[in-house]
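Here is a quick tour for anyone meeting this structure for the first time. Have a look at it, then read on.

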Amino acid sequence: MFIGDFPSHFEEMWQNTKKNLPKHKESCDYRPVECEHCHLDIQAKKLQDHQTKCQSAPISCGQCGETLRRGDMAYHIQKQCAEQLLVCPYNCNAKILRKELEAHLCDNVVDHLEEIRQRFTKIIKDMQNEH
């Protein structure tokens with residue numbers, strides 16, 4: 001190509017680009033694509049990676065199978081999941097599912113009260129020994 005041919009070559013490339021632009025816009029890796037979960041615009045080439053981390057994407061709880069938003073999973077496990085294994089808050093060494101905790105507490109009121117009484121008695125003795 002000679003320097004004198006450059007303007008016509010450039011014009012030809014530009015016309016091809018304009019003609020192919022709509023097709024390119026549909027397949028460009030850098031086009032914005034809306035995430036179906038959080039509705040943010042993400043570059044097309046990054047969408048798949050985004051969806052593996054998207055806090056609005058639905059995921060299933062590994063304990064109970066409930067489907068919820070990824071961003072809500074930690075709270076669900078800590079405070080809501082019925083299948084989460086818990087330790088009895090009264091130090092009776094029982095490990096129970098959250099869904100069975102209320103029954104455990106009702107069935108063991110006497111034992112739990114005795115545990116509290118013993119702790120309270122120890123605190124009183126320790127305080128008396130300090131003075």
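Helices here are DSSP runs of H or I with at least four residues, numbered from the N terminus; leucine 113, for instance, is found in helix H5. Keep in mind that this is a predicted model. The protein chain has five helices and six strands, and from the N terminus on they come in the order α-β-β-α-β-β-α-β-β-α-α.

**The chain as a whole**
- Just 16% of the 131 residues in the protein chain are buried.
- Take the contacts between residues at least 6 apart in sequence: 6% of them join residues at least 24 apart.
- The accessible surface adds up to about 10,600 Å², and carbon and sulfur atoms account for 54% of it.

**Helix H4 and its two sides**
- Helix H4 covers residues 98-107, and its buried residues are Arg98, Leu101 and His104.
- These three span an arc of only 75° around the axis, which puts them on the same side of H4.
- Turn to the other side of H4 and you find Glu102, Cys106 and Asp107, which are exposed.
- What lies over the buried residues of H4? The cover includes helix H3 (73-80), strand S5 (85-87), strand S6 (95-97) and helix H5 (109-130).

**Histidine 50 and serine 56**
- Histidine 50 sits in helix H2, which runs over residues 47-51.
- With a relative accessible area of 17%, histidine 50 counts as buried because the cut-off is under 20%.
- Setting aside neighbours within four places in sequence, histidine 50 touches Cys35, Cys38 and Ile42.
- Serine 56 belongs to the loop between H2 and strand S3 (58-60).
- Beyond its neighbours within four places in sequence, serine 56 is in contact with His37, Cys38 and Arg69.
- Serine 56 and aspartate 72 are 16 residues apart along the chain, with 8.5 Å between their C-alpha atoms.

**Cysteines without disulfides**
- How many disulfides does a search of the whole structure find? The count is zero.
- For cysteine 38, the closest cysteine sulfur is in cysteine 35, and at 3.7 Å it is too far for a bond.
- Cysteine 64 is in no disulfide either, with the nearest cysteine sulfur, that of cysteine 61, 3.8 Å away.
- Cysteine 38 is partly exposed at 23% relative accessibility, and cysteine 64 is partly exposed too, at 33%.

**Salt bridges**
- The structure holds six salt bridges, and three of the pairs are described here.
- Lysine 99 pairs with glutamate 83, their closest N and O atoms being 2.6 Å apart.
- Lysine 99 is in helix H4 and glutamate 83 in the loop between H3 and S5, so this pair ties together parts that are 16 residues apart in sequence.
- Both partners are partly exposed: lysine 99 has 49% relative accessibility, and glutamate 83 has 25%.
- Arginine 117 bridges to glutamate 114, again with the closest N and O atoms 2.6 Å apart, and both lie in helix H5, three residues or about one turn from each other.
- Aspartate 126 bridges to lysine 122, with 2.9 Å between the closest N and O atoms; these two are four residues apart in helix H5, about one helical turn.
- In that pair, aspartate 126 is partly exposed at 34%, whereas lysine 122 is exposed at 53%.

**A nonpolar surface patch**
- Tyr90, Val109, Leu113 and Ile116 make up a nonpolar patch on the surface, with about 320 Å² of accessible area together.

Definitions and conventions:
Residues are numbered from 1 along each chain as its sequence is written. This is a predicted model: local features need pLDDT of at least 70, side-chain atom pairs count only at pLDDT 80 or more; totals for chains, interfaces and linings use all residues. Side-chain values use heavy atoms; hydrogens and water are left out. Buried means under 20% relative accessible area, exposed over 50%, partly exposed in between (1.4 Å probe, protein chains only). The arc is that of the directions from the helix axis to the C-beta atoms. Contact means heavy atoms within 4.5 Å. Accessible areas come from the Shrake-Rupley method with a 1.4 Å probe; for residues, only the protein chains shown count as cover. Patches are made of residues with over 30% relative accessible area and no salt bridge: like charges are joined within 9 Å, nonpolar side chains (Val, Leu, Ile, Met, Phe, Trp, Tyr) within 5 Å. A salt bridge is a side-chain nitrogen of Lys or Arg within 4 Å of a carboxyl oxygen of Asp or Glu. A disulfide is a pair of cysteine sulfur atoms within 2.5 Å.
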